[in-house]
2 protein chains.
Amino acid sequence: MTQWARFRTETYVGFGILENDQILEHEGAMFEAPRPTGRSLAPDTFRLLSPCTPSKIVALWNNFHALAAKLGKRAPQHPLFLIKSATSVIGPHEPIERPAGYVGKIAFEGELGIVIGKQAKNVPPSKAGDYIFGYTCVNDVTASDLLFEHGDFPQWTRSKSFDTFGCLGPVIATDFELAGTNLTTRLDGALRQNYPLSDMIFPPHELVSRISHDVSLLPGDVIACGTSLGVGSIKDGVTVEVIIDGIGSLLNTLAPAIR
Amino acid sequence: MTQWARFRTETYVGFGILENDQILEHEGAMFEAPRPTGRSLAPDTFRLLSPCTPSKIVALWNNFHALAAKLGKRAPQHPLFLIKSATSVIGPHEPIERPAGYVGKIAFEGELGIVIGKQAKNVPPSKAGDYIFGYTCVNDVTASDLLFEHGDFPQWTRSKSFDTFGCLGPVIATDFELAGTNLTTRLDGALRQNYPLSDMIFPPHELVSRISHDVSLLPGDVIACGTSLGVGSIKDGVTVEVIIDGIGSLLNTLAPAIR
């Protein structure tokens, strides 16, 4: 398994393979035969950025059996999704910011993210793996008090698209094995989510195939696979950590409110 | 008033000012002090493309008083929107394509589109004009049978994000005067929509300001201002024309079904 990362040094932005806390720098395009530069970066010389810069995040609703059962929702016949704005993206250790003027609840949702490796349209399920570059952790942050504020129109896009509400990282793991892997989410260290990724209603290959029939997917695009039991709200100043074995720990703090 | 257009010749893609059916070619970036190249292109040497390539289309729901009244909906307190995928964009005279396997209704929605000229975040209404580059025509095509197919989750994004469902053009008009201007939509020449743009619940400056507090807007992004009375479905092979005086006529045909 390879772990791809984007990074920033004092002078430039680059990408490469994360190995033993070092970056083996690469050049070219991450999704198209990148070449090693021969340089390696020591741990204290860079900080990680979001591992990709998607043109869009396709975010799933109601994609886990356990959460559907708890909410009394039937399993959908087709993936239910919205687009979360690409401008919401931040990387590991970047602060989540409360929207100006919004005093309501801000929810965390720990999710698996599929990172698309090449343009995908009308892809059959049997070929979907060819279009998946790898997997990352997602915290699909949501201004949950806005969701159903207007009775006629649930504001999925608005509540999830604020700047800093799309936390991605720390890396993109290729050849990730979903079976037997749990996602856990911690709030200031306290366990809040711990669910098996194998409980998905539409697993990754099915998602890529079906969504590619609805919306063309571009290299770097992320499908956030939806969340399961244990979601809740983040108090100002609290740190959220989304952890998936084989991918790592994505850590972001909701910035303390400015008084 | 200036009309900006993107075009393709036999050998390259460019942009410039459309004047008397000719293009006065420019170089640089359309939204940042573009410079005339000195070349002008005769009408039969190019075809128009979508006048911009947005990173996202923010599409309004319930933004006209007349349509809200007809549907018995109350006017919202804040713009209600979804993101329509940028991969849906086509330009004038490009065919709208029926999604593979979808046999349901395909609706047209003639709309005014605001084209953003510079990055916009938390913009006050009084400054919103500085962030508007100009205006274009939009046909916000929708696979309407999918919208409420699943009772728990209206599929706004899915039904509006298919490739070719975001028709933009023919040009971006700067200094466009909304007051006193109607939008008309014709199906194979027959008038189907004819509504005053001044009937908007949230007019353009208000939209740019409010939406910029929710989602950062980037140069080239389009806000589709929502539609009003007269929407309906397009039969295969039928041509839709969205016309706004001062911007022009945006014409697209729903490709005949392949049997």
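Reader: Strand β4 of chain B, residues 32-41: is it largely in the open or buried?

Author: Largely in the open, because 0 of the 10 residues of β4(B) are buried. A residue needs 20 or more other C-beta atoms within 10 Å of its own C-beta to be called buried. Bear in mind that this is a predicted model.

Reader: Which strand does β4(B) pair with, and how do the two run?

Author: Its partner is strand β3 of chain B, residues 22-29, and the two run antiparallel, joined by 5 bridges. They form a hairpin, with 2 residues between β3(B) and β4(B).

Reader: What stands opposite L24(B)?

Author: S40(B), which belongs to β4(B).

Reader: OK, new topic. What scores does the model get?

Author: The ipTM is 0.96 and the pTM is 0.97. For chain A, the mean pLDDT is 96, and 99% of the residues reach 70 or more.

Reader: And how is chain A divided up?

Author: Into domain 1, residues 1-48, and domain 2, residues 50-253. The C-alpha centres of these two domains of chain A lie 24 Å apart.

Reader: How many residues does each domain put into the contact?

Author: Domain 1 of chain A gives 10 residues and domain 2 of chain A gives 20.

Reader: Which strands supply the domain 1 side?

Author: β1 (3-8) and β5 (47-49) of chain A supply at least two residues each. The largest share, 4 residues, comes from β1(A).

Reader: What kinds of residues are on that side?

Author: On the side of domain 1 of chain A that touches domain 2 of chain A, 6 are nonpolar, 2 are polar and 2 are charged.

Reader: Now the core. Which residues touch the most other members of the largest nonpolar core?

Author: I114 and V208, in chain A and also in chain B. That core has 148 residues.

Reader: Take V208(A). What is it in contact with, leaving aside neighbours within four places in sequence?

Author: I114(A), A120(A), V123(A), A128(A), Y131(A), I132(A) and I223(A). So one of its contacts is I114(A), and both residues are on the list of those touching the most core members.

Reader: Which residues of helix α4 of chain A are buried?

Author: In that helix, residues 204-212, the buried ones are P204(A), L207(A), V208(A), S209(A), I211(A) and S212(A).

Reader: What do those buried residues pack against?

Author: Strands of chain A: β6 (57-61), β7 (80-84), β10 (110-116), β11 (132-140) and β15 (222-224).

Conventions: Residues numbered from 1 in each chain as written. Chains lettered and ligands numbered in written order. Predicted model: local features only at pLDDT ≥ 70, side-chain atom pairs only at ≥ 80, totals over all residues. Core = buried A, V, L, I, M, F, W, Y, C linked by C-beta atoms within 7 Å. Buried ≥ 20, exposed ≤ 12 C-beta atoms within 10 Å, placed from the backbone. Contact = placed C-beta atoms within 7 Å. Domains from an automatic or database assignment. Nonpolar A, V, L, I, M, F, W, Y, C, P; charged D, E, K, R; others polar. Pairing = 2+ DSSP bridges. pLDDT = per-residue confidence, 0-100.
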